[in-house]
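Work through the exercises below with the sequence and the model at hand. Each task is followed by a solution in steps.

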Amino acid sequence: MGVVLTGLVAAGCTVATLGDADPGPLAVTEGSGEWCLPDFETAGDVVHGSEVLYNESDAVLQITDVSLVDARNLEIKGSYQGPLRNLLVGTLLGWPSAERLQKRGFEPVGRIDPNSQANLVVLLRSGDDADSADISGVRIEYEADGETFWVTTGYSVIWRKRC
């Protein structure tokens with residue numbers, strides 16, 4: 001399946017909303033890291049878990065879109081949320097089956113209940129550059145109480161094939 005390489009854990013992160021004038025009631029994990037993936041391949045799948053989403057309101061939040069910011073050699077193929085008890089932090093080559101995700105409590109992004117948290121995990125597909133790939137953050141668009149907001153994480157990640 002691959003090797004899980006972790007960089008930062010939740011205890012080493014701070015909660016912040018970055019780059020937005022009014023990000024609304026959704027806060028995200030802040031941080032940065034670099035993962036070395038010696039088995040990184042072109043046209044391969046990579047799972048990346050780093051973001052913890054914090055609904056700091058009494059309203060239900062509905063995530064409507066998750067996209068990559070300044071992605072190079074990566075495209076987003078899917079985004080999932082799960083409970084913090086199954087926190088996925090780091091990078092995994094390949095992608096767990098739908099059954100494994102469901103067993104761990106992950107489902108496609110959507111609703112975040114009031115005053116709760118969720119672990120955001122994205123499925124990425126690498127492009128044609130076999131040496132490296134990177135993103136400067138993840139943009140999360142969502143609705144709360146009939147208004148649309150978005151927040152961009154400050155979590156940038158670089159993957160290198162040669163370390």
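A contact here means heavy atoms within 4.5 Å. The model is predicted.

**Exercise 1.** Of the contacts between residues at least 6 apart in sequence, find what share joins residues at least 24 apart.

Solution. Start with the elements: the chain has 15 strands and one helix. Next, take the contacts between residues at least 6 apart in sequence; 82% of these join residues at least 24 apart.

**Exercise 2.** Determine what percentage of the residues is buried, and what part of the accessible surface belongs to carbon and sulfur atoms.

Solution. Apply the cut-off: a residue is buried when its relative accessible area is under 20%. In this chain of 163 residues, 45% meet that condition. Then turn to the surface: its accessible area is about 7,900 Å², and carbon and sulfur atoms account for 46% of that area.

**Exercise 3.** Locate Asn 73 and decide whether this residue is buried or exposed.

Solution. Asn 73 lies in the loop between strand S6 (61-69) and strand S7 (74-82). Its phi is near 70 degrees, a positive value in a residue other than glycine. Most residues other than glycine have a negative phi. The relative accessibility of Asn 73 is 13%, so the residue counts as buried.

**Exercise 4.** Do the same for Asp 145: where is it, and is it buried or exposed?

Solution. The loop between strand S13 (137-144) and strand S14 (147-152) holds Asp 145. Asp 145 is not a glycine, yet its phi is positive, about 50 degrees. Exposed requires over 50% relative accessible area; Asp 145 has 69% and is therefore exposed.

Definitions and conventions: Residues numbered from 1 in each chain as written. Predicted model: local features only at pLDDT ≥ 70, side-chain atom pairs only at ≥ 80, totals over all residues. Heavy atoms only, no water. Helix = DSSP H or I, 4+ residues; strand = E, 2+ residues; numbered from the N terminus. Buried < 20%, exposed > 50% of the residue type's maximum accessible area, 1.4 Å probe, protein only. Areas by Shrake-Rupley, 256 points an atom, 1.4 Å probe, with all protein chains shown as cover.
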